[in-house]
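Student: Please give me a close look at one part of this structure, the charged pairs and their surroundings. I am new to it and would welcome one connected account.

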Amino acid sequence: MDGPSISKVNSTASLNSSEDHPDDFCRLSDKPRLKTTERKRSFDERSFSELTINVRQLESYDSLYSPGYRSSGFGTPVSARNEAFEPHPMIGEAWDALRRSLVFYRGQPVGTIAAYDHASEEVLNYDQVFVRDFVPSGLAFLMNGEPEIVKNFLLKTLHLQGWEKRVDRFKLGEGAMPASFKVLHDPTRKTDTLIADFGESAIGRVAPVDSGFWWIILLRAYTKSTGDLSLAETPDCQKGMRLILSLCLSEGYDTFPTLLCADGCSMIDRRMGIYGYPMEIQALFFMALRCALLMLKHDAEGKEFIERIVKRLHALSYHMRSYFWLDFQQLNDIYRYKTEEYSHTAVNKFNVIPDSIPDWLFDFMPCKGGYFIGNVSPARMDFRWFALGNLMAILSSLATPEQSTAIMDLMEERWEELIGEVPLKITYPAIESHEWRIVTGCDPKNTRWSYHNGGSWPVLLWLLTAACIKTGRPQIARKAIELAESRLLKDGWPEYYDGTLGRYIGKQARKFQTWSIAGYLVAKMMLEDPSHLGMISLEEDKAMKPLIKRSASWTCAKPTRESI
């Protein structure tokens, strides 16, 4: 999340408040609000029983309306007023810091800036509202009973989606969501102007593939938390979802159901060798598809997308569970692979050379545990651990219950490597020496055990906590949160930490990083009230249950007629 700040404004990349409609945020609220029980029943029936194709119920939570949702005053967190809960002294400080990061457009909060660091000499683009960065902020406000901020953000980014997007002379897809936007205030003219970045100002000029997925995930979290279907059912939101889905469900030359991506297209937004089919994007893709399936209307346009989504979900879940999954048995099988196989009977389908298995992996892989590796493509397997992708795989149920358990087993077995002294490693291990020069292009920011190259990111704490609650291991989350509490406030809420154990504040880390603050708050609120998990977690869909077991290798037998 760096690069030059946006200074130029053109007709297709800015919006002056005098040109906008004054009722941007209120025009969609004219629809009468149904009672909570009526909304709940309508959502459940529309999502499951009206499907015209063979898809089973995708989530088993009893209520669309989160039991933990309570209205509160704007200034006081709900959790701090719960008499049965003694809040940590950090919580009040965290809420104050989060509210200082709020960005207002024409008097209404529309997001939070990336970092509120007055000590930094260079602002770069940390004064902008990033779509991915706002997600933990949005969840914190939802859990605290302040959904209007999230609604405003969803509507404003949806409005930006409709802008024409160009990089040089090339026009981006209509459904692309911005990486970030900025509000410029003109006190003389008393106008606010929006400036959006769709990748044309980012490092490497890469469009953010994950922004659209995070938008859909946050829309579903808003709907789940408030029980308010009216926002998701508006024509604008329905069209927005379809446009995003059109980009990633389009047919082409792909032979895999996974999404082909460029380096730097996600949270890891610099060159780090994740080009191809990165795990993080596939897990977010899977989660977004499932969320969209629950929210799309069953009209003529919606039904077409629903059918395409269900087919893709089945193919994607099989592909990821079969070819991206690695445990001790799978590693041993790959180690014994033969190469240069031909025809449909090939065991080594991607022609992976066993000698390409890195030495560190043999000692790192425990007998108990497993994870989804970073990337799989022809003759290439990236065996690195990527935290966001694996944790999202648990929350979306891309991972089977057995695989989810194995991921948590691995994190417990390799606590020092993956958690360290300040949670949580974004990737493991770091690349260094000649490999670092080749993979990163000698990137001075992604040196070994720093930033995206093995750095520790406190924002990931909320994902870890959610995964721990879902898998029945809250003690792991408590331990990680205690580690974070020993450092975050004292260190000024850094963006990331450096070192093999995450002991040192990152060499270029911004202070008062908003998603570090919000990630901590969300983690604490979920532990206090686990019902909040329903906002960002989906139960396993039995219709997508794989035919193979967790330890099965690529040599699994073909399914019999009886098993189909």
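Tutor: Let us begin with Arg270 and Asp443, whose side chains meet in a salt bridge, with N and O 2.8 Å apart. A salt bridge here is a side-chain nitrogen of Lys or Arg within 4 Å of a carboxyl oxygen of Asp or Glu. The pair links distant parts of the chain, 173 residues apart: Arg270 is in the loop between H6 and helix H7 (279-295), and Asp443 is in the loop between H14 and H15. Helices are DSSP runs (H or I, at least four residues), numbered from the N terminus. Both Arg270 and Asp443 are buried, where buried means under 20% relative accessible area, exposed over 50%, and partly exposed in between (1.4 Å probe, protein chains only).

The model is predicted, so that local features need pLDDT of at least 70 and side-chain atom pairs count only at pLDDT 80 or more, while totals for chains, interfaces and linings use all residues. Residues are numbered from 1 along each chain as its sequence is written, and side-chain values use heavy atoms, with hydrogens and water left out.

The loop that holds Asp443 repays a further look. Asn453 is found there as well, between helix H14 (433-440) and helix H15 (461-470). Asn453 counts as buried because its relative accessibility is 0%. A polar atom of the Asn453 side chain lies 2.8 Å from the backbone nitrogen of Ile431, and a polar atom of that side chain lies 3.4 Å from the backbone oxygen of Thr447. Such a polar contact is a pair of N or O atoms within 3.5 Å; within protein, one must be able to donate a hydrogen and the other to accept it, and residues adjacent in sequence count only if both atoms are side-chain atoms. Contacts in the wider sense are heavy atoms within 4.5 Å. Leaving aside neighbours within four places in sequence, the residues in contact with Asn453 are Met272, Thr427, Ala430, Ile431, Trp436, Asn446, Thr447 and Arg448.

We may now return to the charged pairs. Side chains of opposite charge can pair when their charged atoms come close. The structure holds 13 salt bridges in total. In one of them, the side chains of Glu301 and Arg242 meet at 3.2 Å, N to O. Glu301 lies in helix H8 (residues 300-324) and Arg242 in helix H6 (residues 235-249), so this pair ties together parts that are 59 residues apart in sequence. The two partners differ in accessibility: Glu301, at 45%, counts as partly exposed, whereas Arg242, at 13%, counts as buried.

Another salt bridge brings together the side chains of Lys524 and Glu485, at 3.0 Å from N to O. Here too the pair links distant parts of the chain, with Lys524 in helix H18 (residues 514-528) and Glu485 in helix H16 (residues 474-485), 39 residues apart. Lys524 has a relative accessible area of 16% and is therefore buried; Glu485 is buried as well, with a relative accessible area of 15%. Finally, Asp409, Glu412 and Arg473 are joined into one network by salt bridges that share partners.

How values were computed. Helices (H or I, at least four residues) and strands (E, at least two) are DSSP runs, numbered from the N terminus.
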